[in-house]
Amino acid sequence: QVQLVESGGGLVQAGGSLRLSCVASGSILRINDMGWYRQAPGKQRELVASITSGGSTNYADSVKGRFTISRDNAKNTVYLQMNSLKAEDTAVYYCNAGARPTWSNIPYDYWGQGTQVTVSS
């Protein structure tokens with residue numbers, strides 16, 4: 001099995017910063033793309049940012065210039081640095097990874113349990 005565990009969420013005032021981390025563990029042969037999604041109450045889950053194994057990044061327009069995604073391949077960890085937070089960033093943030101487990105020839109999509117980010121205005 002492959003597990004993703006997020007940490008770093010919490011309550012912050014508007015304009016503040018938070019750093020999310022997500023560690024992948026288990027029977028992993030290779031991790032491809034990793035990313036962060038979020039889901040606010042009453043809304044669909046949306047992509048926030050993604051990063052390939054080579055370091056290429058992609059961001060939602062709403063977070064460009066404020067959020068930075070990075071990863072440490074040696075630690076199977078992806079980070080999301082969130083600056084200049086706004087009330088509309090309030091959501092549950094989920095880590096996602098496309099990973100090939102040791103027992104399979106194909107990759108699977110894995111999700112973390114989510115971490116709450118609340119931005120007070």
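How many bridges do E4 and E9 pair over, and in which sense? The answer is nine bridges, in the antiparallel sense. Strands here are DSSP runs of at least two residues, marked E and numbered from the N terminus, and two strands pair if DSSP finds at least two bridges between them.

Before going further, a word on what you are looking at. This is a predicted model, in which local features need pLDDT of at least 70 and side-chain atom pairs count only at pLDDT 80 or more, while totals for chains, interfaces and linings use all residues. Residues are numbered from 1 along each chain as its sequence is written, and side-chain values use heavy atoms, with hydrogens and water left out.

## Strand E9 and its partners

Let us stay with E9, which spans residues 91-101. Besides E4 (residues 28-39), E9 pairs with two other strands, shown here with one bridge from each pairing.

| Partner of E9 | Bridges and sense | One residue pair |
|---|---|---|
| E4 | nine, antiparallel | Ile28 and Pro101 |
| E10 | four, antiparallel | Ala99 and Tyr108 |
| E11 | three, antiparallel | Ala91 and Val117 |

A hairpin of six residues leads from E9 to E10, and E10 itself covers residues 108-111. E11 is made of residues 115-120.

How much of E9 is covered? Nine of its 11 residues are buried, where buried means under 20% relative accessible area, exposed means over 50%, and partly exposed lies in between (1.4 Å probe, protein chains only).

## Two residues inside E9

The structure holds one disulfide, a term that stands for a pair of cysteine sulfur atoms within 2.5 Å. Cys22 and Cys95 form this link, with 2.1 Å from S to S. The torsion about their S-S bond is about -80°, so the disulfide is left-handed. Cys22 belongs to strand E3 (residues 18-26) and Cys95 to E9, so that distant parts of the chain, 73 residues apart, are linked. Both cysteines are buried.

Asn96 also lies in E9. Its relative accessibility is 9%, so Asn96 counts as buried. The side chain of Asn96 comes to 3.2 Å from the backbone oxygen of Tyr110. This is a polar contact, that is, a pair of N or O atoms within 3.5 Å; within protein, one must be able to donate a hydrogen and the other to accept it, and residues adjacent in sequence count only if both atoms are side-chain atoms. Leaving aside neighbours within four places in sequence, Asn96 is in contact (heavy atoms within 4.5 Å) with several residues, including Leu4, Asp33, Tyr37 and Trp111.

## Just before E9: Thr90

Thr90 sits in the loop between strand E8 (77-82) and E9. Two polar contacts involve its side chain: one polar atom lies 2.9 Å from the backbone oxygen of Ala87, and the side chain also reaches the backbone nitrogen of Val119 at 2.9 Å. With neighbours within four places set aside, Thr90 touches Ala40, Gln116, Val117, Thr118 and Val119. Ala40 is 50 residues away from Thr90 in sequence, yet the two C-alpha atoms are 6.5 Å apart.

## Aromatic rings and a charge

Rings of Phe, Tyr and Trp (its six-membered ring) pair if their centres lie within 6.5 Å; planes under 30 degrees apart count as stacked, over 60 as edge-to-face and the rest as tilted. By this rule there are two aromatic pairs. Tyr37 and Trp111 meet edge-to-face, 4.9 Å from centre to centre and with 65° between the planes. This pair brings together distant parts of the chain, with Tyr37 in E4 and Trp111 in E10, 74 residues apart. Tyr37 is partly exposed at 23% relative accessible area, and Trp111 is partly exposed at 36%.

The other pair, Trp103 and Tyr108, is tilted, at 5.4 Å between centres and 40° between planes. Trp103 is exposed at 53%, whereas Tyr108 is partly exposed at 35%.

Which rings does the charged end of Arg45 sit over? One is the ring of Tyr94, whose centre is 3.7 Å away, and another is the ring of Trp111, at 4.7 Å. Here a charge sits over a ring if NZ of Lys or CZ of Arg is within 6 Å of the ring centre and within 35 degrees of the ring normal.
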